[in-house]
Amino acid sequence: MQANAASGYSALDPCVHCGFCLPACPTYLVTGDESHSPRGRIVLMRALERGDISAAASSLVAHLDACLGCRGCEPACPSGVGYGRGLEAARAQLYAARGLPPLARLVLGVFRYRQLWRPLFTAARALRATRLPALLAGRNRLRFGMGMLAASAEMRQRPDWVGQSDPDSPEQVNATRPPVLRSGPAPPTVALFRGCVMDTLFSHIHQATRRTLEANGYKVVEIADQACCGALHEHAGDREAAVALARENVSVLVDKADYLVVNSAGCGALLKDYGHLLGTEEARHLAARVRDISELLAERGPRPGAPLNLDVAYDAPCHLQHAQRVHEAPLAILKAIPGLRLRLLPGSDRCCGSAGIYSVLRPDMARAVLDQKIAGVKSVTPSPSLVVTGNPGCLMQIGAGLRAADLPIGVAHPVELLDLSYSEAGYYTNGAEKRLSLAR
């Protein structure tokens, strides 16, 4: 067994099979099957490690492949089991023994090369602009895919979001006052990680990220020749491709700025883990400087904006709260917006079923998990105008689920709302910013 696989399996050593992880596992909650729980999967992973069960065994493959990799079991575990590390080792061993199913191989092959994913997602963006995906969105597999594409669009403006607070109140006066430029040390520099899906379907979030960072005193720099982060490949067990992509990114990003900012929770989780993945000093150096956009903004307050008269429900992305252990920073962004009525979505600690390409490979299980998330949205009173979350897959999955359920609720990244608040406050003076709109 390879050393990195052995070290991955050793993270499972503290497990005492207590079962505290079961209520935290979305697939167990859907199926009630012990083999679809972290405890059951750990038993299978240990059997695979020892060679007691073949990597080709259909039961093993079915249960390990069905794991979302959300790592919601980790904070629930009183023994500190590193389930994510064990799953990485098991999937890498399965990949080495049997490769990937054809659909997974095709999808990951596209994400492996910039020359493939960029034109594909550019074409998808053009299709989205026709509004056909929004019109065709629905419940069956094709229409749900259209709903996912429609949910990636920029929000459509609703005028009643803004201007509802007393314009003479101290809170409103302070919120609408443009930032004061201060002399002193040079501002921290931040390189924006562009990624793949974010750089094409969610480029509007990149723009909002740049504007809000600059409004809070950071200097944003652009770095060319970046690749996909490799998270999808690592989660599937294709460590060779994940390592190759990570090396590409390290080579162009290391020592280019004080921080590397990421607005996709899934990308951020792996980028922060590049030191473990590559085991080089350069990779560890870069990983130590990776920050989610919410972390950098929260470090500066962030600066308050203008009021938005809006009910929102926040849903925490799994790879932000469970993998990166970032909890309060996204809420700090939203709390910097006066007038915003913020609630945590019931079950916000549980996966929405997106999980990278999981919803493409296992749509039935992904939809069953999503149904619980949508039920949580329905239970919120008053009904939110937006579900807010900081990961592209979650935005698309939840957005499509809301459309399939015919709920008049949109989706947004937290930084989009802060960007709108700043725009209304007059923080941007070049006239180039666009008004945001509701994705519904």
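Which residues lie nearest the centre of the largest cavity?

1. Please keep in mind while reading that this is a predicted model. The residues nearest the centre of the largest cavity are Cys15, Cys21, Ile42, Cys77 and Val81, and they belong to a lining that is made up of 18 residues. Two elements, helix H3 (38-50) and helix H5 (73-76), give two or more residues to this lining.

2. The character of the lining deserves a careful look, since its residues divide into 13 that are nonpolar, three that are polar and two that are charged. The space lying within this largest cavity comes to about 130 Å³, and the structure as a whole holds six cavities of 30 Å³ or more.

3. On the cysteines, a search of the whole structure finds zero disulfides. Cys25, for instance, is in no disulfide, and the cysteine sulfur nearest to it, which belongs to Cys67, is 6.4 Å away. With a relative accessibility of 7%, Cys25 counts as buried, because buried means a relative accessible area under 20%.

4. Cys228 can be read in a similar way, starting from its sulfur, for which the closest cysteine sulfur is that of Cys196, at 3.9 Å. This distance is too far for a bond, because a disulfide requires a pair of cysteine sulfur atoms within 2.5 Å. Cys228 also counts as buried, its relative accessibility being 3%.

Technical notes:
Residues are numbered from 1 along each chain as its sequence is written. This is a predicted model: local features need pLDDT of at least 70, side-chain atom pairs count only at pLDDT 80 or more; totals for chains, interfaces and linings use all residues. Side-chain values use heavy atoms; hydrogens and water are left out. On a 1 Å grid over the protein atoms alone, a cavity is a set of points where a 1.4 Å probe fits but cannot get out, and a pocket is an open set with protein on both sides within 12 Å along at least five of seven lines; lining residues have an atom within 4 Å of a point. Grid points are joined across faces, edges and corners, and a volume is the space filled by probe spheres set on the points. Helices (H or I, at least four residues) and strands (E, at least two) are DSSP runs, numbered from the N terminus. Ala, Val, Leu, Ile, Met, Phe, Trp, Tyr, Cys and Pro count as nonpolar, Asp, Glu, Lys and Arg as charged, and the others, Gly among them, as polar. Buried means under 20% relative accessible area, exposed over 50%, partly exposed in between (1.4 Å probe, protein chains only).
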